[in-house]
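Reader: I am new to reading protein structures. Could you walk me through this one, one question at a time?

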Amino acid sequence: MECISNMCQRFTWSMLFLLAIIFHIKTTVSHSDGLFTMPDHDSPTVSPKFLSRGHLYKVIVGETIELPCKVQNLGSFVLLWRKGSSVLTAGHLKITRDQRFKIVGDYNLQIASVKTQDAGDYICQLGDQENRDQVHTVEILVPPTLRALPHNGQVTARKGSTVTLECKASGNPVPTIYWFKKDVFAGPTHLSDSSTLILENVDRHHAGIYQCSADNGVKERVSMDIQLTILSPPEITVEKSWVHAAEGHDVELACIVHGDVNSEMLWYQNSFLLDPTDRRSMQSNDDKYTLIIRKFQPSDFGNYSCVADNALGRTKKYIEVSGRPGPANFISPALSGYLDHYNLTWTIESIPALDEIKLLYRRLLMNETYQHPGKWHENHINPTLIRFDNTHFIMSHVIKNLEHNAVYEAIVQAKNKYGWNEISDIHQFYTRNHDLLLDIDMEYKMGISNGAGALFTLYLLNGEAACAIFLLLKVCI
C-alpha cells in the first residue's frame, strides 16, 4: 500500500508540472483582432540567459530569505524552482502546499519563517532542451541553547571528592562552551572551554556558583548557573590567635566558621565550657561567632577555644588572652640617613604601662655568597611612654657608633606588670656610605596622629644628639 501511495504522489506531481507548462504556454499566446495565434516558432529566437549567480545564503532560523533567479530572454520557456526532486513552483504557479513559499518580483523565491529543515540546495531551472539550472545553497543558523546537568542546577558533594559539572549545547554552527566561576568581588574567573568541568579533591573553596556559557556567533551568548555545595566538617579561622587584655577593660574574641552544614558553636576557657553570665555573652552574625567579656578580671586570663560541631565532624581553634605586651612592630625606614647611627622606632600593644625595654642589635657581615651574623649588643631602656592610641605605645631609640655602609639586625622585647612579651621579629637596617646623600629631615620625620589628634614628629639634626619632639613631651637621647 505504501508503494502505491508513493506512485500516486509522483503521478500527482507530474500532472501538476504538466498542467503548469500547459498553463504557461496558453498565457503566452498573442491576441490580435479577437483571434488567438500561436507564436511563430520558425522565427529566430535568442537563448535565455541567467543574470543572477548561485550563492551560499546563511539565514537565522525564523527569519525570511529571498533567493534570486533573474533570467534574460526567458521567452516562452517555463522557469522552475525545486529542492531535490520536489518541484516548488512552475513559472508563477506555486506547486508546493507550504504557505511559507512564494514567488516575488519576477521569479525570486521567498521563504518566510525559515526552519532548520529548509537547509539545502534550491535549484532555479530553465525548462528548455538543455535543462540549465542555477543552484543556491541555504544554511540555517540556529542560536545556541544550553542544557545543564543536573537539570535543577544544584550539585552537592562531600569534601575530598571529585565533581563533574556538565553542560550540553546545541546550535548551528556548533557552539563553544565556556566555564566560569562567579565572584561578587573579583568578577568571573575563566576555567575551561569544554562541555565538562572536572573539580578534583574539592573543599569549601570550590563551593559557589559556576556558569557555563555557549556562543556560536548567532545572536546573544546564553548562560546557565550551577550552584555547587560542599559538605564538610566545620572549618574555623580566628581573627586573632593572641589577644591583649587588661583588668577593667572589655575583650572581644571572634571565630569564623566555614562549612555549609549548620554548625553548633561552643566556647571554652581552659577546657571548661562557658555559659552566658552578666559579664559574658555570646553572639553570632552569619558565620562569625563572638565571645564578649566585660570588665575583665584576673581570672579571665587564659586559653580560650571555640568548638564547632556538625554531622560530619568537630573542629577546635585556640585563642590566648594575655596581659603581657604584644610584639614590637617596627615602623622606621630600613635605610639610615647617617654613616654611624640609626634611629629605631617601633610600636607595642599594651594597655598597662611598660616597665622595661630590652633592645638587641648586631652587625651582619655579608656579600653575594656569604652571610655571618656578629655578636648581639644588648641595651636596657627605661622608656618614656608615649601613647600612640588607647592600646599602643610608640618608642624610639638611636643606636650609635655604627659602621658606615653596613647591615645590622635588631630585636626588641618589652615588659609590663604581667610579664615579658615575645621577642619581636628581626628588623634589618642599613647605614649609608659616603657617596649617598639623603634628605635627613625627610628620612626621619614621622607624622603620627593619635585618637586625640595630637601630632608627634621625630627629627635627627646635623648628626648631633637626637631629640624626640612629640609636642607634648621632648626626650633627648
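**Strands, sulfur links and rings**

Author: Happily! A good detail to begin with is a bridge: Asn329 has Thr347 in S31 as its bridge partner. Please keep in mind that the model is predicted.

Reader: Thanks! How many bridges join S30 to S31, and which way do the two strands run?

Author: S30 and S31 run antiparallel. One of the contacts between them pairs Asn329 with Thr347 of S31. The number of bridges joining S30 to S31 is two.

Reader: What is the order of the strands in the open sheet?

Author: The sheet is open and has four strands, with antiparallel pairing. Its edges are S30 (329-330) and S35 (386-389), each of which pairs on one side only. The order is S30-S31-S36-S35.

Reader: Is Asn343 buried or exposed?

Author: Asn343 sits in strand S31, which covers residues 342-349. Buried means under 20% relative accessible area. Asn343 has 3%, so this residue is buried.

Reader: Which side chains does the side chain of Asn343 touch through polar contacts?

Author: One polar contact, of 3.1 Å, joins the side chain of Asn343 to that of Thr345. Another, of 2.6 Å, joins the side chain of Asn343 to that of Ser396. The names you asked for are therefore Thr345 and Ser396.

Reader: Let's move to sulfur. How many disulfides does a search of the whole structure find, and what pattern do they follow?

Author: A disulfide is a covalent bond between the sulfur atoms of two cysteines. The search of the whole structure finds three. With bonded cysteines counted along the chain, their pattern is 1-2, 3-4, 5-6.

Reader: Why is the disulfide of Cys69 and Cys124 called left-handed or right-handed?

Author: The sulfur atoms of Cys69 and Cys124 are 1.7 Å apart. The torsion about their S-S bond is about -70 degrees, so this disulfide is left-handed.

Reader: Where do Cys69 and Cys124 lie, and how many residues apart are they?

Author: Cys69 has a relative accessible area of 1% and is buried, and Cys124 is buried at 0%. The disulfide of Cys69 and Cys124 has its sulfur atoms 1.7 Å apart. This pair links distant parts of the chain: Cys69 is in the loop between strand S5 (65-67) and strand S6 (71-72), while Cys124 is in strand S12 (residues 120-126), and they are 55 residues apart.

Reader: Which strands does the disulfide of Cys167 and Cys212 link?

Author: Cys167 and Cys212 are both buried. Their disulfide has an S to S distance of 1.9 Å, and its torsion of about -55 degrees makes it left-handed. The pair links distant parts of the chain, 45 residues apart, with Cys167 in strand S15 and Cys212 in strand S19.

Reader: How many residues apart in sequence are the parts that Cys255 and Cys306 tie together?

Author: Cys255 and Cys306 are both buried. Their sulfur atoms are 2.0 Å apart, and with -85 degrees about the S-S bond the link is left-handed. Cys255 lies in strand S23 (residues 251-258) and Cys306 in strand S28 (residues 302-310), so the parts tied together are 51 residues apart in sequence.

Reader: Now the rings. What kind of aromatic pair do Phe296 and Phe301 form?

Author: The structure holds four aromatic pairs. In one of them, Phe296 and Phe301 lie 4.9 Å centre to centre with 70 degrees between the planes. Planes over 60 degrees apart count as edge-to-face, so the pair of Phe296 and Phe301 is edge-to-face.

Reader: What about Tyr408 and Phe429: which kind of pair do they form?

Author: Tyr408 is in strand S37 and Phe429 in strand S39, 21 residues apart. Their rings are 5.6 Å apart centre to centre, with 10 degrees between the planes. Planes under 30 degrees apart fall in one class, so the pair of Tyr408 and Phe429 is stacked.

Reader: Finally, how many helices and strands does the protein have?

Author: Buried residues make up 40% of the 477 residues. Among the strands are S31, with Asn343, and S12, with Cys124. The protein has two helices and 43 strands.

Definitions and conventions
Residues are numbered from 1 along each chain as its sequence is written. This is a predicted model: local features need pLDDT of at least 70, side-chain atom pairs count only at pLDDT 80 or more; totals for chains, interfaces and linings use all residues. Side-chain values use heavy atoms; hydrogens and water are left out. A disulfide is a pair of cysteine sulfur atoms within 2.5 Å. Buried means under 20% relative accessible area, exposed over 50%, partly exposed in between (1.4 Å probe, protein chains only). A polar contact is a pair of N or O atoms within 3.5 Å; within protein, one must be able to donate a hydrogen and the other to accept it, and residues adjacent in sequence count only if both atoms are side-chain atoms. Two strands pair if DSSP finds at least two bridges between them. Rings of Phe, Tyr and Trp (its six-membered ring) pair if their centres lie within 6.5 Å; planes under 30 degrees apart count as stacked, over 60 as edge-to-face and the rest as tilted.
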